[in-house]
Amino acid sequence: LQPTPSSILARERETQLLLQALRQIPLESQVLLELYYWENLPAREVADILQVPEGTVRTRLRRAKQLLGQAITRIADSHELLASTLSGLDAWALRVRDELPPR
């Protein structure tokens with residue numbers, strides 16, 4: 001099935017909301033989310049890069065996701081957009097990663 005114009009528009013609105021929310025969280029949280037989601041690095045490798053214990057990375061990732069969720073909640077202009085964005089975070093990150101050029 002082809003995406004409908006309304007589903008494409010909804011996805012674009014979710015993307016805009018996520019990008020706005022990412023800009024509102026601390027840079028350290030942005031970097032953690034990028035390494036984990038977009039670079040597809042396991043927590044162990046992120047820990048090696050940051051030279052911290054893996055448990056610390058997992059705790060910081062959880063906190064980064066919470067901060068992102070709070071930012072999304074603050075700026076979402078509708079309950080539907082909020083719900084679809086929060087529930088689709090993992091899929092959105094995967095889609096962005098798939099759209100990046102290979103390294």
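Which residues of the largest nonpolar core touch the most other members? The legends below refer to a predicted model.

**View 1. The largest nonpolar core and its best-connected residues.** The core has 27 residues, and those that touch the most other members are Leu22, Leu33, Trp38, Val57, Leu68 and Ile72. Two or more residues each are given to this core by α1, α2 (27–38), α3 (43–50), α4, α5 and α6 (89–99). Helix α4 provides the largest share, 7 residues.

**View 2. The surroundings of Leu22.** With neighbours within four places in sequence left aside, Leu22 contacts Gln30, Leu33, Trp38, Leu68 and Trp92. Of these partners, Leu33, Trp38 and Leu68 are, like Leu22 itself, among the core residues that touch the most other members.

**View 3. Packing of helix α1 against helix α5.** Helix α1 spans residues 5–24 and helix α5 residues 79–87. Their axes lie 10 Å apart and form an angle of about 75°. Angles of 65 to 115 degrees count as roughly perpendicular, and α1 and α5 are therefore roughly perpendicular to each other. On the α1 side the contact involves Arg13, Glu14, Leu17 and Leu18, which meet Leu81, Ser84 and Thr85 of α5. By type, the residues of this contact are 3 nonpolar, 2 polar and 2 charged.

**View 4. Gln66 in helix α4.** Helix α4 covers residues 54–75 and includes Gln66. The relative accessible area of Gln66 is 44%, so this residue is partly exposed. Gln66 and Ala83 are 17 residues apart along the chain, and 14 Å separates their C-alpha atoms.

Technical notes
Residues numbered from 1 in each chain as written. Predicted model: local features only at pLDDT ≥ 70, side-chain atom pairs only at ≥ 80, totals over all residues. Heavy atoms only, no water. Axes fitted to C-alpha atoms, helices over the stretch in contact; angles between N-to-C directions. Helix = DSSP H or I, 4+ residues; strand = E, 2+ residues; numbered from the N terminus. Parallel < 35°, antiparallel > 145°, perpendicular 65-115°, else oblique. Contact = heavy atoms within 4.5 Å. Nonpolar A, V, L, I, M, F, W, Y, C, P; charged D, E, K, R; others polar. Buried < 20%, exposed > 50% of the residue type's maximum accessible area, 1.4 Å probe, protein only. Core = buried A, V, L, I, M, F, W, Y, C linked by side-chain atoms within 4.5 Å.
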